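Student: I am new to this structure and would love a close look at its aromatic rings. Could you walk me through that part?

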Amino acid sequence: MKRWLALWAMIILGWNNAKAQSSDLGSWYVYNGFYDLSPKLELFLESQVRTYSVITEPQNFFFRPYISYNFNSNFQLGIGNEYHSSWTQATDEFEPEQSSEYRLTVQSIIKNKIGRVNLQHRLRYEFRFFEGSSRGQRTRYRLQASIPLQGERVEQGEFFLTAGNEILLNTQPSFEFNQNRIYGMLGYQLSKTIHLQAGYMNLHFGNKVSDHRLQFFFTHKLPFYK
C-alpha cells in the first residue's frame, strides 16, 4: 500500500506541475479489444480519437492491431502494424493540415503483483514511416499499476484505480527525449467482458510545454475458444 500511495503522489505532483504550464484541455477516446484466439495467442485491437479540445478539433486518429504470444501468464511478446492520421491545430491564420504515419511495432509485457496492486511493465520499439520519405525510430517504457477498491480482485459491478507513467525516447535519426506521460484513471467493471475508465493525463515535452488530456476508455475482453 505504501508503494501505491507513492505512485499517486507522483500523479499529484505531475498535476501541480501541469497547471503551471499553459495548454488547452483536450481528450483521448480509446477502444481496446483483447481477443483470445487460444490460451497462448491473443489479438489486440486499439483505436483512438484524440482532440485538441474536449470534443472538437481533431488531433489524431489511429488504428493498431497486434498479435501477441503468451509464454506464460506473466510474459507476452507481440508485433503490430499501425496507421496514424494527424492534424495540426487550427489558428486564426492557418487551417489544419493533415499528415499520415505508418508504424511497425514490437513489444513485450511483463506482469507481477505486490499485495493487491497489479503491476505491468510494457516495452515498445517503433519503426516509424512518415508521409513522404522520412523515417524514425522510438522506444517506449510504461509502468502501470492497478488496484481493486472493493476486494482482492475486480468483480462485476466494482470500481478500480489505474495509474502509470510512460517515457518515450527517439532513437533514430538521433537519440533524444521525446515526451513523458503520467496519468491516473478510475475504472468500473461493467460486465465480465467490459470495463470503462476515465481520468487525466499530462504529456510533458522536451520544450517544457505540457498538454492536458482527459481520457475515456472502453475495454472489451473476449475469448474465442473453449
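To begin with, is Tyr 102 buried, exposed or partly exposed?

Tutor: Happy to! Please keep in mind that this is a predicted model. Tyr 102 counts as partly exposed, because its relative accessibility is 47%, a value that lies between the 20% limit for buried and the 50% limit for exposed.

Now for the ring partners. The structure holds ten aromatic pairs. In one of them, Tyr 102 is joined with Tyr 83, their ring centres 5.2 Å apart and their planes at 50°, which is a tilted arrangement. This pair links distant parts of the chain: Tyr 83 belongs to strand S4 (residues 75-87) and Tyr 102 to strand S5 (residues 98-114), with the two positions 19 residues apart in numbering. Tyr 83 is also partly exposed, since its relative accessibility is 30%.

Another pair brings together Tyr 125 and Phe 127, this time edge-to-face, with 5.3 Å from centre to centre and 65° between the planes. Tyr 125, at 24% relative accessibility, counts as partly exposed, and Phe 127, at 29%, is likewise partly exposed.

Rings can also join up in a group: Phe 34, Phe 44 and Tyr 66 are linked into a cluster by ring pairs. Phe 34 has a charged neighbour too, as Lys 221 lies over its face, 5.5 Å from the ring centre. A similar theme appears at Trp 28, where the charged end of Arg 50 sits over the ring, at 3.7 Å from its centre.

Terms used:
Residues numbered from 1 in each chain as written. Predicted model: local features only at pLDDT ≥ 70, side-chain atom pairs only at ≥ 80, totals over all residues. Heavy atoms only, no water. Phe/Tyr/Trp six-rings, centres within 6.5 Å; stacked < 30°, edge-to-face > 60°. Helix = DSSP H or I, 4+ residues; strand = E, 2+ residues; numbered from the N terminus. Buried < 20%, exposed > 50% of the residue type's maximum accessible area, 1.4 Å probe, protein only. Lys NZ or Arg CZ within 6 Å of the ring centre and 35° of its normal.
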